Amino acid sequence: MFYIIVILGTLSVPAASNQQSTGLQFIDHTIATDLGGGYQVVATDMNSDGRPDLIALAPRLNELIWFENPSWARHVIASNLSGMINLATHDLNGDGIPEIALASGFSTVAARSQGDLSILSKSDNPDKQWLVNRIDRIPTSHRLRWIDLDGHGNMHLVNAPLIGQESVAPDYHGTTPIYIYDTDNWQRSVLSNDNGVVHGIHQTAWDEVPAQVLLSASFLGIHLHQYADGVWKRTRVHSGNSANWPASGSSDVSVGQSNNSHYLASIEPWHGHEVVVYNKTDTTWQRQVIDESLTDGHTIVTGDFDGDGVDEIVAGARRGKQVLLYRLSELNNWTRQLIDAGTIAAAGCATADLNLDGLLDLTCIGSETANLKWYENVSGRLN
């Protein structure tokens, strides 16, 4: 396996802090270089051996691929799939192997988007590819997530189309529904309605309540969706970037832990240039831009890479070909560290302890660069 060592210093964040801090340390491993249009990477245990494997979704391929940890041997899950755009995994039958919800047949033009939603399950014959069961068709199906509605394993599948069926470029005005599916019969219902482009969704625990909630990022900003007593309640967290439509709102959202509370991290606006942190006061969420230098920001994740109990933020840019890490200093300022500069058009990133050493690792997939990389966290081991 080819790898290079990357130990990059920390840069101060424009409009946030000039304070310097010791950078985290990563070893850069290239796992694949032929994933045309690479869009999403998911870390999950595909063979029940206790190690997180990597599923790589690449729209220009007609195969869905997974890479086996630790050899990174390549396996085909299913073939003859066109326009794959997103997936989510969950073990529905309790056999230790996750089922895969997959959205394919994608186009940004609703009239040309087949929007297949399928459930992929492992075949009883280990030599055969996985079984593909189409459960629905929704034009521009774009983001899938599993959500626990009661905190006790009552799992449902969320499907967020990019735009509504009547929305067209460049303004994309029109109702954009978010759907949810009952796994007993795959019956579809409307979770909520938004407007314009809904680019990101994120399921998470919230306010010490067992049930998970859903966050969505759209032209209208960030919204919180909570399910209680059989009803979904939608609350706007913040309107996001204040530019005029369609350059307004938010693109992607994640949740991090900080000082015994949670914060929101967002890329704004759609495919935007800003990394934004939201912290809650008594009554409102305060918006803080911690970076405004991204070009085509497309992915944001959080995780505790240094083990101090406070989550860092990782943002990836496609045309900017950057992976950036933001770390909260002891003085409550954010500092910025380049993890990758120029070798990956980061469309999607995920976190997991891939080598089971107790340190959280990072993995990203590149669109124009067609590559999959593992950034092995070695912080504290190279000093």
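Two strands count as paired here if DSSP finds at least two bridges between them. Strands 22 (residues 274–280) and 23 clear that bar, pairing in the antiparallel sense over six bridges. Within this pair, V275 sits across from D291 of strand 23. All of this is read from a predicted model, so a word on confidence comes before the rest of the sheets and the pockets.

On the whole the predictor is happy with this chain: pLDDT averages 93 for the protein, and 93% of the residues score at least 70. The weak spot is the stretch of residues 1–21, where pLDDT stays under 50. For that stretch the model has 62 contacts beyond four places in sequence.

Back to the strands. Strands 22 and 23 belong to an open sheet of four, ordered 20-21-22-23, and the pairing is antiparallel. Strand 20 and strand 23 (285–291) are the edges, each pairing on one side only. Going from one strand to the next, the twist averages 30°. The loop between strand 21 (261–268) and strand 22 holds P269, and the peptide bond leading into P269 from E268 is cis, with omega near -20°.

Another four-stranded open sheet runs in the order 8-9-10-11, again with antiparallel pairing. Its edges are strand 8 and strand 11 (131–137), each of which pairs on one side only. The twist in this sheet averages 20° from one strand to the next. Strand 10 (residues 116–121) pairs with strand 11 in the antiparallel sense, over six bridges. One of the bridges in this pair joins L120 to V132 in strand 11.

Two backbone details turn up in other loops. Between strand 13 (155–161) and strand 14 (175–182) lies P170, and the A169 to P170 peptide bond is cis, with omega near 5°. In the loop between strand 4 and strand 5 (53–57) there is S48, which has a positive phi of about 60° although it is not a glycine.

Now for the pockets. The largest pocket has a volume of about 760 Å³. It is lined by 30 residues, and the closest to its centre are Q40, V41, R145, V301 and C349. Seen by element, strands 4 (40–44), 8 (86–90), 12 (141–148), 16 (198–206), 20 (252–258), 24 (297–303) and 28 (346–352) each give two or more residues to the lining. Two of these have already come up as sheet edges: strand 8 in the 8-9-10-11 sheet and strand 20 in the 20-21-22-23 sheet. As for chemistry, the lining of the largest pocket divides into 15 nonpolar, twelve polar and three charged residues.

The second largest pocket comes in at about 290 Å³. Of the 19 residues lining this pocket, Y39, I85, H271, H298 and R318 are the closest to its centre. The lining of the second largest pocket splits into seven nonpolar, seven polar and five charged residues.

Key: Residues numbered from 1 in each chain as written. Predicted model: local features only at pLDDT ≥ 70, side-chain atom pairs only at ≥ 80, totals over all residues. Heavy atoms only, no water. pLDDT = per-residue confidence, 0-100. Contact = heavy atoms within 4.5 Å. 1 Å grid on protein atoms, 1.4 Å probe; cavity = no way out; pocket = protein on both sides within 12 Å on 5 of 7 lines; lining within 4 Å. Points joined across faces, edges and corners; volume = space filled by probe spheres on them. Nonpolar A, V, L, I, M, F, W, Y, C, P; charged D, E, K, R; others polar. Axes fitted to C-alpha atoms, helices over the stretch in contact; angles between N-to-C directions.
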